[in-house]
Amino acid sequence: MTKNIFQIKFLALFILLLIAFVRSPYIFLKGRFMYGDAFFYVNSINNNWYESLFLTHIEAGYINLFSNISSVINAKIINIEYAPLFNVYFCFLLIIILISLVLFSNIILFKSNFQKYLVCVLLLIAPPFVFEIWLDALNAQTYLGIITFVILFIEYEKKIQLYLNPVILVIAGLSGIYSCLLTPLFIIKYYFNRRLINLINSSILLLTSLVQLTIIFISKSSNTLYHGKLDFSISSSEFISFSYNVLVRTFFSGTFPNYIVSNFKDLKNDKDIIFIISILVFLLFIIFFIFFIKKIIESDKEQKIIFLTLIYFFLSSTFLVIVGGVNDGINGRYAVVPGTCLLLITFILSFDEKKNFLNYISICLLISIFITGALDFRNQKHITYFDCIDCPHWKDEIKKLKINKEYKVKVWPYTENKKIQINIE
């Protein structure tokens, strides 16, 4: 990499991080504690660091090492008044890592630096990236899953990645299931390319997957899992939710569909019509998928690998959120990874040199993603989450706690009146 190209990429990184800041300036300046993060933080305050580091939320059915690490450092080292701010910037490291991996690594997913710049913007503004995963340690597993996917396609040319990426994979594999889903692909990569780094990466994900599977087995056998997890049935509500949040919202955000529905008030309340529309959306997706399979057959070896990998990650992550979700809604954080897979497929097809029907449709969808993502970037519907409008401030809450040790501190989301009990000396 020449000096000029490196400088341009570094400038691009700065601009992209500035975009992230603009999306939610309050969070970066004041911090934020989601209720889930607060649970881990309180646990770290009340327990030894080594107990907190390996805390397993048995009801969830997996260990979340990233959230544990964040909470331990936060509780044991950082002043309580700055706890939410530390939590935010610790999570922000993942966004920095994700964008840096795309910009500065040799990745066969993207053919040019322009494509890298463009996809990085998508990873910040695209409709799938909802506020639920925005700098929230508990849901950081979503970003870690996407980072693991990017690492899968890295061609190692820099020594720092030989040491850094395995560490990232250890944390990713022990922080949720999304990264573990990619274990078979890392093993296949090692089978065809027997470099030491590929053996290390695949071994790490294999071991971390076994750990997570063991926890799932223990949670299920002890009947402590949240109600709804490992439910293999698909309700009509789940089907409708999947059709909208993954197949529609990924490309059109919530703005365009909600505008249409607002002009047909009876439509929104008629579940039968909504179900029929969902079937039509799914059938359109199947037709698109058939054309896509034809495209894969005609593609070269490299494109076949990329597309088949994306299909696998889409199907496996969809299966995960259907059977592993705690309710019938495949929305918010549950729709991010399947939606991102569709986004990347569309992105790659848009830059295909062979112009055909699939290519033109993908270009139109990609334009829609940029437009609707930009429109929803500072959506007023979620401005309370972004800018903390009319919400209590953390430092004020801690002052009240110091006066009254029994006081329950208010945390996000404030609109649901979430509170936590913190024991301080």
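Which residues make the nonpolar surface patch of about 650 Å²? In this predicted model, the patch is made by Leu11, Phe14, Ile15, Leu18, Phe21, Val22 and Leu29. Helix α1, spanning residues 3–23, supplies the largest share of the nonpolar patch, namely six residues. Val22, one of the patch residues, lies in helix α1, and this residue counts as partly exposed because its relative accessibility is 44%, a value that falls between the limits of 20% for buried and 50% for exposed.

Helix α11, which runs over residues 196–221, contains 26 residues and reaches 37 Å from its first C-alpha to its last, close to the 38 Å expected at 1.5 Å a residue. Within α11, the buried residues are Ile197, Asn198, Asn201, Ser202, Ile204, Leu205, Thr208, Ser209, Gln212, Ile215 and Ser219. These buried residues of α11 pack against the strands β1 (56–57) and β2 (62–63) and against the helices α8 (141–152), α9 (159–173) and α10 (183–192). Just after α11, Asn223 takes a positive phi of about 60 degrees.

The packing of α11 against α10 can be followed further at Thr183, which is placed in helix α10. Thr183 has a relative accessible area of 5% and is therefore buried. When neighbours within four places in sequence are left aside, Thr183 is in contact with Leu205, Leu206 and Ser209, and of these residues Leu205 and Ser209 are among those buried in α11. A polar atom of the Thr183 side chain also lies 2.7 Å from the backbone oxygen of Cys180.

How values were computed
Residues are numbered from 1 along each chain as its sequence is written. This is a predicted model: local features need pLDDT of at least 70, side-chain atom pairs count only at pLDDT 80 or more; totals for chains, interfaces and linings use all residues. Side-chain values use heavy atoms; hydrogens and water are left out. Patches are made of residues with over 30% relative accessible area and no salt bridge: like charges are joined within 9 Å, nonpolar side chains (Val, Leu, Ile, Met, Phe, Trp, Tyr) within 5 Å. Accessible areas come from the Shrake-Rupley method with a 1.4 Å probe; for residues, only the protein chains shown count as cover. A salt bridge is a side-chain nitrogen of Lys or Arg within 4 Å of a carboxyl oxygen of Asp or Glu. Helices (H or I, at least four residues) and strands (E, at least two) are DSSP runs, numbered from the N terminus. Buried means under 20% relative accessible area, exposed over 50%, partly exposed in between (1.4 Å probe, protein chains only). The expected span of a helix is 1.5 Å times one less than its number of residues. Contact means heavy atoms within 4.5 Å. A polar contact is a pair of N or O atoms within 3.5 Å; within protein, one must be able to donate a hydrogen and the other to accept it, and residues adjacent in sequence count only if both atoms are side-chain atoms.
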